[in-house]
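The following exercises ask the reader to work from the sequence and the model to statements about contacts, burial and helix packing. Please attempt each task before reading its solution.

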Amino acid sequence: MHHAKIMKRIPVIALFFFALTISQSQAAESSQADYPLGSFHFDFARLGADKASRVAALQSIGYGGMVKGASNAKQLKELQRYQAAIGDGPFNVYAALVNVKFGIDLAPQHAHIDEVIQTLKELDASLWVILRYDTEEPDQADVINFLQTTADRAEAHSVEVVIYPHWNGDRVTNVDFINTAEEAIPYVEAVESDNLFISLHLSHELLAGNGDRLDEIAAKIKPWLRLPSINGAYTDAVDFDRGIVPLTEGDYDASKLLKALKSVDYQGPVL
């Protein structure tokens, strides 16, 4: 992912302590639920020499799970190694993230996704998809067909498919064309499946100009809301340098995301 480099400098411990702080300071307002915490995978290597020690380190600071990229065979093998390290323990893999690119042959991408689904069904985890193209935006019908067939195949293995809205910035190649949660709604409504969902990411919504509308957006996507993510940010952010910072930094009130989730009675993990 293009902001992985930025995420590498975020202390993994920050989310845990931030959640504790929000829980204490906002308790009187009942603005925060007891959400399981999950971590993105960008800098796990510094947590230990092997997968088991990294998982143990995450658990020791309060994380209940993780998400992992699985866009290619190498990343999928890495996910499977984490799967083996976790075993029957209480730690969870909440999702695997796959980048899908239109304008090139979808057949091998479908085949790869089928392999990912086989792993996810054993993990009781979701399939996260970022939808992209290089130079020519795909027809909506092609996107709907992809989402329909993917949701159907995943449902056969009890794996949920979740659209990952990803703010595109000023990129002209490898373009993300669902930048916000609201932009995903027409696709979910068009797909005839109850196995297609939408994520709400603070950073991507803030960079798209929606930092003060999280309650409204959460209400709109309530039937499909899965796997929201939180981070520190600056209100003047125009890119990921200030749009994703440690949760102890920035002047944007990140508890707005927690309040939005509480307002729609969201019950799942927060990443």
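**Exercise 1: a loop residue and its contacts**

Asn168 touches Asn174, Val175, Asp176 and Asn179, where residues up to four places away in sequence are not counted; contact means heavy atoms within 4.5 Å. The model is predicted, so local features need pLDDT of at least 70 and side-chain atom pairs count only at pLDDT 80 or more, while totals for chains, interfaces and linings use all residues. Residues are numbered from 1 along each chain as its sequence is written, and side-chain values use heavy atoms, with hydrogens and water left out.

Task: State where Asn168 is placed, and decide whether Asn168 is buried or exposed.

Solution. Step 1: Asn168 sits in the loop between β5 and β6 (175-176); helices (H or I, at least four residues) and strands (E, at least two) are DSSP runs, numbered from the N terminus. Step 2: The relative accessible area of Asn168 is 8%. Step 3: Buried means under 20% relative accessible area, exposed over 50%, and partly exposed in between (1.4 Å probe, protein chains only). Asn168 is therefore buried.

**Exercise 2: the chain as a whole**

Task: Determine how many helices and strands the chain has, and what share of its residues is buried.

Solution. Step 1: The secondary structure comes to eleven helices and seven strands. Step 2: Of the 271 residues in the chain, 55% are buried. Step 3: For contacts between residues at least 6 apart in sequence, 77% join residues at least 24 apart.

**Exercise 3: the buried face of α3**

Task: Identify the buried residues of helix α3 (residues 51-60) and explain how they are arranged around its axis.

Solution. Step 1: Lys51, Arg54, Val55, Ala57 and Leu58 are buried in α3. Step 2: Viewed down the axis of α3, these buried residues fall within an arc of 160°, so they line one face of the helix; the arc is that of the directions from the helix axis to the C-beta atoms. Step 3: The cover over the buried residues of α3 includes β1 (38-39) and α4 (73-86). Step 4: Leu58 has 1% relative accessibility and counts as buried. The C-alpha atoms of Leu58 and Phe91 are 9.1 Å apart, although 33 residues separate the two in sequence. Step 5: Arg81 belongs to helix α4 and, at 47% relative accessibility, counts as partly exposed. Between the C-alpha atoms of Arg81 and Lys51 there are 7.2 Å, with these positions 30 residues apart along the chain.

**Exercise 4: two packings of α6**

Task: Describe how α6 packs with α5 and with α7.

Solution. Step 1: Helix α5 (residues 107-123) and helix α6 (residues 140-155) pack at an angle of about 30°, and their axes are 10 Å apart. That makes α5 roughly parallel to α6, since angles under 35 degrees count as roughly parallel, over 145 as roughly antiparallel, 65 to 115 as roughly perpendicular and the rest as oblique. Axes are lines fitted to C-alpha atoms, for helices over the stretch in contact, and angles run from 0 to 180 degrees between N-to-C directions.

Step 2: His110, Ile113, Asp114 and Ile117 of α5 meet Phe146, Thr149, Thr150, Arg153 and Ala154 of α6. By class, this contact has four nonpolar, three polar and two charged residues; Ala, Val, Leu, Ile, Met, Phe, Trp, Tyr, Cys and Pro count as nonpolar, Asp, Glu, Lys and Arg as charged, and the others, Gly among them, as polar.

Step 3: For α6 and α7, the packing angle is about 65° and the axes are 9 Å apart. Gln140, Val143, Ile144 and Leu147 in α6 meet Pro186, Tyr187 and Ala190 in α7. The contact of α6 with α7 has six nonpolar, one polar and no charged residues.

Step 4: In helix α7 (residues 181-190), the buried residues are Ala181, Glu182, Ala184, Ile185, Tyr187 and Val188. Their cover includes α6, β5, β7 (196-198), α8 (202-207) and α9 (214-220).

**Exercise 5: positive phi outside glycine**

Task: Locate Ser158 and Asp265, and state the accessibility of Ser158 and of Asp265.

Solution. Step 1: Ser158, though not a glycine, has a positive phi of about 60°. Ser158 lies in the loop between α6 and β5 (161-163) and is exposed, with a relative accessible area of 64%. Step 2: Asp265 is not a glycine either, and has a positive phi of about 60°. Asp265 is found in the segment after α11 (255-263) and is exposed at a relative accessible area of 53%.
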